[in-house]
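Thanks for coming. Please have the sequence and the structure open while I talk.

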Amino acid sequence: MDGTSPRWSLLLKNALVFDGTGAPARKTDVAIAGGVIDAIDAHLPSERAEQTLDLEGQWLIPGLLDVHTHFDLEVELEPGLPEAVRHGTTTVIAANCSLGVTYGHQRRNGEDPIVDCFARVENVPKPVLAKVADQCTWTTSAAYLDHFDALALGPNFVTMIPHSMLRIEVMGLKASVTRNPTADELAQMKALLEKGMEEGYVGFSTDALPFHFLANQPHTDKQIPTQFAPYSELKALTGVVRRWGRVWQATPPKDDKLAVVRNFLLTSGRLHGKALKVTAVAAIDVATNRSIVKLGLLLSKILNSRLIKGHFRLQALAAPFKTWSDGVVTPLSEEIPELRRLNECDLDDRAARMAILHDPAWVKSYRRMWFKGKRGFNLANLLRLLKREDIVLSRRLDDMTIDRCPQAEWNGTLMQTVFDRLQQWQRSGAGAVSVAEAEAFARFPKPCDDADFFLHLLREFDTALRWTTVTANRDPKVVRDLLFNPLLLPGFNDSGAHLTNMAFYDGNLRMLKIAQQEGLAQVAYAVHRLTEEPAELFGLDVGVLKVGARADLAVIDPEALAAYDSEANVQYLYREAFAHHQLVNRSDGVVRYTLINGKVAWGNGAYVPSFGHERFGQLLRHKAHTPLAAGVKLAA
């Protein structure tokens, strides 16, 4: 190449660069060639570049990592993963919470595990899951990784071995939820997990939250397979993960505090000779039980202490935990037995739900649940006053907002406001805001308490009643402190799951906005926490902006970030890939460019024409993995 020929494919000029290490930002130029960063200097010549972008006044950062996703579903239908890329995300980690598609569709003996496991746990409609399962024609963990070579990936994709699917592969679905494995079956699971580590999987995921249930008959009263694993099985399998220096992603058995401590002590290097890297869901400030986050912080401190010598990170969410519910179709319902019975019905089976809603025995049980801790003086009442309840849903109408329903006057209104008008109307015949509302009020039972009110809405509208509530992270200061706690890990975004119930695709941007309010030094630390730090935890060769590194980058407009209101930018859109609606965030203007492998994927508010057709990202294996090292036990 002569001295006048372009050396670089792209030159980024005049940006304020945060390199991901936490070092102070500096204004400089960054040149890209062959998909990697070739030069970083203050005055690189534009004539040496095929294309130049002037980023005066913009932040240039390493591409963001989304560490808790269920994109293993969407990537099979729309591998560009556009909802990640538009938010500056260049690497996603999937197969969390014991669920994934590592071993294909696993359809055997009339069982349909992908549909059965994901539908209720991650609130993804069965027809969408069936479309995904149809694509999953491989049968081994190696073939699963290989199939990414044929996908037009948007971001880089990282995956783990999911425990529920591992149990199903060895035991079959029915056996995996009815008995413990035999010694031979446990040996097979260990061998398959060992094989996954050899192939470059970055970790292993399990789940112990007691309200994660299967969706298909005859197992709708059964939790997902990982929940049936005895401690001996967890210890044996995480022992494989420990030996390879990989990550165990877990959720706690929240109703059994002794089991929580016992399970998470598996991180201990003092007890087990070598620390096991653990990332667990989640450190959120639950409104009905303020002790949960305090206990989580205490647990993190103890497990990471010199006494225990663990490597334990609870995940934190950078947003109020706001959920949308279609009738009772919501993650919140699964925790409450009376509402869970309604979720056991198929989404389209309104008749089955109506039969339950009108069953006198069920109504009696429902009312007992609704008023638990709200009446009289008893332990439940005391726990409610102290904010120590054992369920997340507050059962308060002033916490529940009607997003939309066939009664148009109620859209965007607190249920409590409508209930107050109803009570006035029932007392005096006045208070209705329209003739239509008066007609609606006439259909309510009389007298009508708040339990009757909510029950009537479910009977009247079923899933056409769409409502919201914020169950956790209501205090911005607590959220901020969690995000910047070095013993926690930002990123409980759950991207790709809960298709119509929640949207935190912009979680990383929310953290950057919080940091921005405290100055550039805090922004540098936030960038580090969202890039290099999680990359190091999971053993990924990404997350730092330096010469020789992958050119996975994001350009942030700080003025747009300062003005960004995430709550005002949630949209409910139809996705052709799913043939279904999805709840998403729109942070347009905040991320000016997303570059993956040195190529602009998203720029100036639009995807480039080749996005979704051309390969940008790639499957990433653990950085210790090489083809020559297969079969060799390597430590991170």
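Let me begin with a definition: two strands pair if DSSP finds at least two bridges between them. What you see is a predicted model.

With that in hand, take strand β19, residues 553-556. On one side, β19 pairs with strand β5, residues 59-62, in the antiparallel sense and over four bridges. Within that pairing, Ile61 stands opposite Ala554 of β19. There is also antiparallel pairing between β19 and strand β22, residues 591-596, again over four bridges. There, Val555 has Tyr593 of β22 as its bridge partner. As for the side chains of β19, Leu553 and Val555 point one way, Ala554 and Ile556 point the other way, and all are buried.

Next, another sheet. It is open, has four strands in the order β14-β17-β15-β16, and its pairing is antiparallel. Which strands stand at the edges? They are β14, residues 321-326, and β16; each has a single partner strand, so one side of each is left without a neighbour in the sheet.

Inside the sheet, β14 and β17 run antiparallel and are joined by six bridges. Ser325 stands opposite Trp467 in β17. The pairing of β15 with β17 is antiparallel too, over three bridges. In that pair, Ile402 stands opposite Trp467, and Arg404 stands opposite Arg466. So Trp467 of β17 turns up twice, opposite Ser325 and opposite Ile402. How much of β17 is covered? Six of its seven residues are buried, so "mostly covered" is a fair description.Now helix α17, residues 415-428. Taking 1.5 Å a residue, its 14 residues should span 20 Å, and the end C-alpha atoms are 20 Å apart, which agrees. Buried in α17 are Met415, Val418, Phe419, Arg421, Leu422 and Gln426. Seen down the helix axis, these buried residues fall within an arc of 160°, so they line one face of α17. What do they pack against? Their partners are β15 (401-404), β16 (413-414), α18 (435-441), α19 (450-461) and β17 (466-472). Three of the strands from the sheet are thus named again here: β15, β16 and β17. The face of α17 turned away from the buried side carries Arg427 and Ser428, which are exposed. Just after the helix comes Gly429, with a positive phi of about 80°.

On to empty space. The largest pocket holds about 1200 Å³. It is lined by 50 residues, and the closest to its centre are Leu209, Pro252, Lys254, Ala282 and Ile292. Which elements give two or more residues to the lining? They are α3 (113-121), α10 (257-264), β12 (277-283), α12 (291-303) and β17. Of these, α12 gives the most, with eight residues.

There are also five cavities of 30 Å³ or more in the structure. The largest cavity has about 50 Å³ of space. Its lining consists of Pro320, Lys322, Trp324, Ala503, Phe504, Arg510, Glu567 and Val570.

Some backbone details remain. Ala282, named a moment ago for the pocket, lies in strand β12. A cis peptide bond, with omega about -5°, joins Val281 to Ala282. Another cis peptide bond runs from Lys446 to Pro447, with omega near 0°. Pro447 sits in the loop between α18 and α19.

Then there are positive phi values away from glycine. Cys97 is not a glycine, yet its phi is positive at about 60°. Cys97 is in the loop between β7 (89-93) and α3. Is Cys97 buried or exposed? Its relative accessibility is 5%, so Cys97 counts as buried. Lys387 is also not a glycine and has a positive phi of about 55°. Lys387 is placed in the loop between α16 (379-385) and β15. At 41% relative accessibility, Lys387 counts as partly exposed.

Last, His68, found in the loop between β6 (64-66) and α1 (74-77). With 0% relative accessibility, His68 counts as buried. Leaving out residues up to four places away in sequence, His68 touches Ile93, Asn96, Cys97, Gln249, Val281, Gln315, Gly491, Phe492, Asn493, Asp494 and Ser495. Two of those contacts have already come up: Cys97, with its positive phi, and Val281, on the cis peptide bond to Ala282. That is where I will stop.

Methods:
Residues numbered from 1 in each chain as written. Predicted model: local features only at pLDDT ≥ 70, side-chain atom pairs only at ≥ 80, totals over all residues. Heavy atoms only, no water. Expected span 1.5 Å × (residues − 1). Buried < 20%, exposed > 50% of the residue type's maximum accessible area, 1.4 Å probe, protein only. Arc of directions from axis to C-beta. Contact = heavy atoms within 4.5 Å. 1 Å grid on protein atoms, 1.4 Å probe; cavity = no way out; pocket = protein on both sides within 12 Å on 5 of 7 lines; lining within 4 Å. Points joined across faces, edges and corners; volume = space filled by probe spheres on them.
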